[in-house]
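Grab the viewer and let's work through a few exercises together. Try each task yourself before reading its solution.

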Amino acid sequence: MTAIWYRRRRARLVRLIDRIPGPPSLPIIGNAIELNVEHDELMERMMGTTKLWGRRVGVNRTWVGSMPYMLVFHPDRVEPILGSNKHIEKSRDYSYLHPWLGTGLLTSSGTKWHSRRKIITPSFHFKILEDFIDVFLEQSVILVEKLSQEIGNDEGFNIFPYITHCTLDIVCETAMGRQVNAQQNSDSEYVKAIYEIGSIVQNRQAKIWLQPDWLFRWSSLYKKHEKCVEILHGFSNKVIQERKKELHEQKERSIPEHEVEDMTLGRKKRLAFLDLLLQASRNGTELSDEDIREEVDTFTFEGHDTTSAAISWALFLLGGQPDIQDKVVEEIDRVLGTDPKKRFTMKDLNDLKYLECCIKEALRLYPSVPLIARHLKEDVSIAHYTVPAGTTAIIVTYMLHRNPEIFPHPEKFNPDNFLPENVLGRHPYAYIPFSAGPRNCIGQKFAMLEEKAVISSILRKYRVEAVDRREDLILLGELILRPKHGLRVKIFPRTS
């Protein structure tokens, strides 16, 4: 009876999926041959598929072996998936992060996800974010100084690594209250492990033969992967134990937390994300050390690569539009003043409205997360199709943001797209750089403040000029959207 039920269920799934527009597929292997291309061709091939088969309805389907996938890239089609509390389970593509991140907020689902979301949401209250502004500023100062070595580089340089090291320093200090000094020491064991495990996860997502765990264990990457996990977990566990010990000693001496000094820096210790989780665990919430490590590691992972991409793309686009860059600098001078040493406040950053438009427009053209994947556990009605349970729905953010009906001249870098009068009445699922619905990014306010802080610090000191042309870039749709050969820019000291 079980076999008959499965065959009927499978026949229904195939029948419903094949009604959705998409390329012809072969038995057993589906469209795997078409997707078996070089890594730098995969993004372009996927975009071509959406244009060829889904332009009219905003969806198309494809088969990877026997697994059905549906690409979705129209706001009306995206909303029933992202806007629903029923479709919150991430696809199996996220499972390759489990050895490092466990099942934290990014990768969990169901009751565990609801519980973690409820616990973590207060961690991003604006008062807490205000404490992080000093970290943004201090690390931005280091970045500006590091960039000075590129003045006079006539060939241009790849700005991505500089920004990525800065955002990693920021997120480690705000997440764990510890400095890893990635900008000063990019060869540290922890920093190298972060980048290496990211590369391994991307390899597993892109290469079908690395996806089954039993095959992956036979690959040359497996030992490297296990070593990275050991280093990353070892660092996080050490920090958690040290901080718990500090808090215990504070309690014994009856010292209020807000008066505790960081003895190495001689200043009042800032609350980090880790401290907030430890507080929650002391206030009756059942969070084990492993639970806390999952969330700290998740924050570290999610909080550095995505923001570094957003900052790098924004600077690159501003470097190709001197007139827009000049308007941003005028606003920075007006809000922050012309003294580059003046420390900015949270209010200052919030007042940089035009810079925010520029960042949002950069995220429209080059969303940090170009694809969002969900596993559908129930049937969902999209357009006039029934998409069956068992399908993986991939929201193609990169194409969604290029809808000419919503964004006229969709390839043009135009920050005016995000002026209040132009945003009014826009479909809520037409622009989703931080996802949308119940699983939207919990740290988007943190990210926007950080991006404003870093970009304004750079533009107060340097004029940025793009070297590469946008049309010459090869895009890689990895964990984040990155250019294959980086983003080359030149910088020049500002004379006034």
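The exercises below deal with salt bridges, a pocket and a surface patch in this predicted model.

**Exercise 1.** Work out which parts of the chain the salt bridge between E242 and R178 ties together.

Solution. Start with the contact: the closest N and O atoms of E242 and R178 are 3.2 Å apart, inside the 4 Å cut-off for a salt bridge. Next, place the partners: E242 sits in helix α11 (residues 221-253) and R178 in the loop between α8 (160-176) and α9, so the pair links parts 64 residues apart in sequence. Then check the exposure: R178 has 16% relative accessibility and counts as buried, while E242, with 28%, is partly exposed. Finally, zoom out: R178 and E242 belong to a salt-bridge network that also takes in K238, R243, E246 and D275.

**Exercise 2.** Find out how R243 and E246 are placed in helix α11.

Solution. Their closest N and O atoms are 2.7 Å apart, in a salt bridge. Along α11 they are three residues apart, about one turn of the helix. R243 is buried at 4% relative accessible area; E246 is partly exposed at 27%.

**Exercise 3.** Describe the lining of the second largest pocket.

Solution. Take the volume to begin with: about 790 Å³. Of its 29 lining residues, K51, Y398, M399, R402 and E411 are the closest to the centre. Now sort the lining by class: 13 nonpolar, six polar and ten charged. Last, look at the helices: α3 gives the most, with seven residues.

**Exercise 4.** Locate I208 and its patch.

Solution. I208 is in the loop between α9 (189-206) and α10 (213-216). With W209, W214, L215 and W218, I208 makes a nonpolar surface patch of about 680 Å².

Technical notes: Residues numbered from 1 in each chain as written. Predicted model: local features only at pLDDT ≥ 70, side-chain atom pairs only at ≥ 80, totals over all residues. Heavy atoms only, no water. Patch = residues over 30% accessible without salt bridge, like charges linked within 9 Å, V, L, I, M, F, W, Y side chains within 5 Å. Areas by Shrake-Rupley, 256 points an atom, 1.4 Å probe, with all protein chains shown as cover. Salt bridge = Lys/Arg side-chain N within 4 Å of Asp/Glu carboxyl O. Helix = DSSP H or I, 4+ residues; strand = E, 2+ residues; numbered from the N terminus. 1 Å grid on protein atoms, 1.4 Å probe; cavity = no way out; pocket = protein on both sides within 12 Å on 5 of 7 lines; lining within 4 Å. Points joined across faces, edges and corners; volume = space filled by probe spheres on them. Nonpolar A, V, L, I, M, F, W, Y, C, P; charged D, E, K, R; others polar. Buried < 20%, exposed > 50% of the residue type's maximum accessible area, 1.4 Å probe, protein only.
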